[in-house]
Amino acid sequence: MNDPVGPLPASWLGELKALLGPGGYLDAAADRAPFETDFRALYHGDTPLVALPDSTARVAELVRWCAAHRVAIVPQGGNTSYCGGATPRPGGRELVLSLRRMHRIRALDPAGDAMTAEAGCVLAGLQEAAAAAGRLLPLSLGSEGSCTLGGVISTNAGGTAVLRYGMMRALVLGLEVVLPDGRVLDQLTALAKDNTGYDLKQLFIGAEGTLGVVTAACLRLHPRPQSTVTAFAAVPDPAAALALLARLRGAAGHALSTFELLPRVALELVLRHVPGTREPLAGVQPWYVLVEFGLHEPEAAARERVEATLAAAIAAGEISDVVLAATLAQRDALWRLREEIPFAQRREGVSLKHDIAVAVQRVPEFIAAGAAAIASLVPGARLVTYGHLGDGSLHFNVSAGAGDDGASLRAAENTVRQAVHGLVARCRGSISAEHGIGQLKVAELERYEDPVALAVMRDLKRALDPLGIMNPGKVLAS
Ligand SMILES: Cc1cc2nc3c(=O)[nH]c(=O)nc-3n(C[C@H](O)[C@H](O)[C@H](O)COP(=O)(O)OP(=O)(O)OC[C@H]3O[C@@H](n4cnc5c(N)ncnc54)[C@H](O)[C@@H]3O)c2cc1C
């Protein structure tokens, strides 16, 4: 799309307001402001109007109008994107389309393990609705109190239970999407089997709003485990953690739902900055893992089984110390040690973040090579790498040294990024395991993606959105 400049004509804004109706938009500057900046405050844009449609039909009408007038649309859910995916660009010509008023659960079928809900539903609310019906919606992430169904689908979100339940893609049975020309693609079924041609819904999962607007989805629910066992263990190094992962998967199979790795430095940041947290184990250990099992057997039998496996891991030297949560409060306390790392890192000062994945077996080698690269590029900086070892997905973050104002780390940002992503490429890994491309990694995708894959992505974009009105400048350069 050509990028025209200047504000949208006042008559167009009038048409949009009439189309959206009372309560269907925000136009005052103060009301628009929260929609114009991303969660990390990396990007600031301008929108003349935030559209708040309350039905699929209204979204379709709006998109048709935008196509006719070549006006760009930026879909937005909870605005928790880590890569500026939901933020309009400067210039004041891109409409933010917030799905927040579309928050109805249209159907919940516990016997069929399916729930159909609108895109603006907040994830935590959907988890609660599933739980009230005796079922589990297993997607779980730190932003679940504000991120929305449309957002987690459009970013193919991951989180802490991917090991057992897969990414968001694995939880989507059916989808309703408004296409960039305003047609409604209705694939809102709960079918587990459907091999009628191309599986079109997959195109929109993880597309970051660049191919259409997700308005509703049918989700796959799961049985709730009868008992949950959570353990926090000290391990000598990432290779031992990997051996432990193999042991636990061998013993527990899919009952192992979480396997998170964290280094001592991450734990220390949490203990320093998060009130109420305490050392989970005696002594100082170099690495830790947080593991969780969801078992379909009574609590006592489940604990006994897990304890026996952990005892064998201690005997094999994979674990040096371990604690099991005995109460819900203890479980929450152990989880906080993992979940508060991003907050603690922010409080500590400047840090560079990389959201990467490599094959699980290559994680120890990657961490060792990455640590060596960081040490030579920014001496004194601290590597705070932690995350979902069970998925090969790491937050490969670098914090400034203690007491350092971070200026030299900031100055080295590009060099560090190239070193880390170059290493990822050599391992045939991913430069975006969870958070997507958004605005942040458009150039990185160009640099590291296979040229054939990039060309196919562009072909798809042109075929579905020939006018380039859907979230321009995100994922692919416009
Ligand atoms: C504290 C915190 C922890 C996080 N932890 C994780 C984590 O563990 N794993 C993980 O994967 N992510 C994580 N994230 C990132 C983020 O929460 C997820 O990407 C989430 O899926 C975004 O949902 P949202 O509703 O906020 O979407 P937004 O931020 O509003 O939008 C994200 C993208 O989706 C598009 N979009 C939104 N709604 C629609 C729609 N209805 N139709 C079409 N496109 C749409 C937007 O245009 C944008 O490109 C975390 C973020 C925070 C702040």
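**Exercise 1. Determine which atoms of Pro 75, Gly 151 and Gly 158 approach the ligand, and place Pro 75 among the surrounding residues.**

Solution. Begin with Pro 75, for which a backbone N or O atom lies 2.6 Å from an oxygen atom of the ligand; a polar contact here is a pair of N or O atoms within 3.5 Å, and within protein one must be able to donate a hydrogen and the other to accept it, while residues adjacent in sequence count only if both atoms are side-chain atoms. The model is predicted, with local features requiring pLDDT of at least 70 and side-chain atom pairs pLDDT 80 or more, whereas totals for chains, interfaces and linings use all residues. Residues are numbered from 1 along each chain as its sequence is written, and side-chain values use heavy atoms, with hydrogens and water left out.

Next, take the two glycines: a backbone N or O atom of Gly 158 is 2.9 Å from a ligand oxygen atom, and for Gly 151 the corresponding distance is 3.4 Å. Finally, 34 residues surround the ligand (a heavy atom within 4 Å of it), and of these Pro 75, Gly 77, Thr 80, Ser 143 and Thr 148 come nearest.

**Exercise 2. Describe how helix H1 packs on helix H3.**

Solution. Helices are DSSP runs of H or I with at least four residues, numbered from the N terminus. The axes of H1 (residues 10-20) and H3 (residues 56-69) come within 10 Å and cross at roughly 165°, where axes are lines fitted to C-alpha atoms over the stretch in contact and angles run from 0 to 180 degrees between N-to-C directions. H1 and H3 are therefore roughly antiparallel, a term for angles over 145 degrees.

The crossing of H1 past H3 is right-handed, meaning that the near helix is turned clockwise from the far one by less than a right angle. In the contact (heavy atoms within 4.5 Å), Trp 12, Glu 15, Leu 16, Leu 19 and Leu 20 of H1 meet Arg 58, Glu 61, Leu 62, Trp 65 and His 69 of H3. By class, this contact has 6 nonpolar, 1 polar and 3 charged residues; Ala, Val, Leu, Ile, Met, Phe, Trp, Tyr, Cys and Pro count as nonpolar, Asp, Glu, Lys and Arg as charged, and the others, Gly among them, as polar.

**Exercise 3. Carry out the analysis for helices H13 and H15.**

Solution. The axes of H13 (residues 363-377) and H15 (residues 413-426) come within 10 Å, crossing at roughly 160°, and the two helices are therefore roughly antiparallel. The contact involves residues including Phe 366 and Ile 374 of H13 and Val 416 and Leu 423 of H15; by class, it has 9 nonpolar, 2 polar and no charged residues.

Conventions. Angles under 35 degrees count as roughly parallel, over 145 as roughly antiparallel, 65 to 115 as roughly perpendicular and the rest as oblique.
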